Amino acid sequence: MEQFLETALAAARSAAQVALGYYRGDFEVEVKSDQTPVTVADRKAEEIIRATLLDAFPDHGFFGEESGKQQEDAEYLWLVDPIDGTKSFVGGYGMWSTQIALMHRGELVLGVSSAPATRELAYAARGLGAFLDGEPISVSEKSVLEEASVSTGNLQTLARSPQWQRLGEIFARVNRTRGYGDYYHYHRLAAGQLEAVIESDVNILDIAALAVIVNEAGGIFTDLEGKPLALDTSSVLAATPGLHGQLLDTLNS
């Protein structure tokens, strides 16, 4: 696992150099079929990540945001979003990151979340703990909803569901609400600086690495129905152990 982590961190550092070389520069923006933007920085960053990982582990599979799936049935599968938050990248503000995760036989075992513009680097591997900028981190011990801080990301699907009213009940009780979004609130959760993250309309490539980091920091990371993550996961309920069950019950009551 240490060798996998060292290689993933090397890939993230190389991708950061590529992305920062274009950030706030002059580049074209294309719109993909799903109406999301993509740039040359996304493609080049993914190319260098893929080359770094597969040169080291040629029998591994690869699932990239820009290049799709290769050897999907391999025992080990890398999940990569070279620039998660391309709209932020294009807009010139720092809420974007590189996400690299490793799945072993369907279970997520390693995650690297690199945010070059804000100079944050979080990473974790199964059994090795979670780290932010080289320091070990752990989630908050809070278990009382009225003392908790909750952050939300994209909530489009949730807003059209019966759970929307339940979310309002949660917001009425918690200490404070935030809408940090993207990688940022997961780093804060893993570091004990807030207690829960709720999102819908996500892609597994956006959250796979972050799930490992939160789990290794002592948190619980599922979808909004309490199911473990899979390649088709599209929502998130991540929280401290003392609050996850309470939030899950409220959202689904």
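How many bridges join strand 14 to strand 15, and in which sense do the two strands run? In this predicted model, 3 bridges join strand 14 to strand 15 (residues 235-239), and the two strands run antiparallel. Within this pairing, Phe221 has Ala238 of strand 15 as its bridge partner.

## The five-stranded sheet

Strands 14 and 15 belong to an open sheet of 5 strands, arranged in the order 12-11-13-15-14 with mixed pairing. The edges are occupied by strand 12 (176-178) and strand 14 (220-222); each has a single partner strand, so one side of each is left without a neighbour in the sheet. On average, neighbouring strands of this sheet are turned by 15° against each other, direction ignored.

Helix 7 lies across strand 14 and strand 15 of this sheet, and its direction makes about 150° with strand 14.

## The eight-stranded sheet

A further open sheet is formed by 8 strands in the order 4-3-5-6-7-8-9-10, again with mixed pairing. Strand 4 (68-70) and strand 10 (135-137) stand at its edges; each has a single partner strand, so one side of each lacks a neighbour in the sheet. From one strand to the next, the twist averages 20°. Inside the sheet, strand 5 pairs with strand 6 (residues 97-104) in the antiparallel sense over 7 bridges. Leu77 has Met103 of strand 6 as its bridge partner.

Helix 1 (residues 2-22) packs on this sheet, where it touches strand 5, strand 6, strand 7 (107-115) and strand 8 (120-125). The direction of helix 1 makes about 30° with that of strand 7. Helix 7 also lies across strands of this sheet, namely strand 3 (61-64), strand 5, strand 6, strand 7, strand 8, strand 9 (129-132) and strand 10. Relative to strand 7, helix 7 runs at about 100°.

## Helix packing

Two packed helices are described by the angle between their axes and the distance between the axes. For helix 6 and helix 7, the angle is about 10° and the axes are 9 Å apart. This angle makes helix 6 roughly parallel to helix 7. Helix 6 contributes Tyr183, Tyr186, His187, Leu189 and Ala190 to the contact, while helix 7 contributes Ile207, Leu210, Ile213 and Val214. By class, the contact comprises 8 nonpolar residues, 1 polar residue and no charged residues.

Helix 5 (residues 163-173) and helix 8 (residues 241-251) pack at about 135°, with their axes 8 Å apart. That angle makes helix 5 oblique to helix 8. On the helix 5 side the contact is made by Gln163, Arg166, Leu167, Glu169 and Ile170, and on the helix 8 side by Leu247, Thr250 and Leu251. This contact has 4 nonpolar, 2 polar and 2 charged residues.

## The largest pocket

The largest pocket holds about 740 Å³ of space. Its lining consists of 29 residues, of which Thr36, Asp84, Gly85, Asp201 and Asp206 are the closest to the pocket centre. The elements that give two or more residues to the lining are strand 5 (76-84), helix 3 (86-91), helix 6 (182-190) and helix 7 (204-216).

By class, the lining of this pocket has 12 charged, 9 polar and 8 nonpolar residues. Helix 6 and helix 7, both contributors to the lining, are also the pair that packs at about 10°. Strand 5, another contributor, is among the strands that helix 7 lies across.

Terms used. Residues are numbered from 1 along each chain as its sequence is written. This is a predicted model: local features need pLDDT of at least 70, side-chain atom pairs count only at pLDDT 80 or more; totals for chains, interfaces and linings use all residues. Side-chain values use heavy atoms; hydrogens and water are left out. On a 1 Å grid over the protein atoms alone, a cavity is a set of points where a 1.4 Å probe fits but cannot get out, and a pocket is an open set with protein on both sides within 12 Å along at least five of seven lines; lining residues have an atom within 4 Å of a point. Grid points are joined across faces, edges and corners, and a volume is the space filled by probe spheres set on the points. Helices (H or I, at least four residues) and strands (E, at least two) are DSSP runs, numbered from the N terminus. Ala, Val, Leu, Ile, Met, Phe, Trp, Tyr, Cys and Pro count as nonpolar, Asp, Glu, Lys and Arg as charged, and the others, Gly among them, as polar. Axes are lines fitted to C-alpha atoms, for helices over the stretch in contact, and angles run from 0 to 180 degrees between N-to-C directions. Angles under 35 degrees count as roughly parallel, over 145 as roughly antiparallel, 65 to 115 as roughly perpendicular and the rest as oblique. Contact means heavy atoms within 4.5 Å. Two strands pair if DSSP finds at least two bridges between them.
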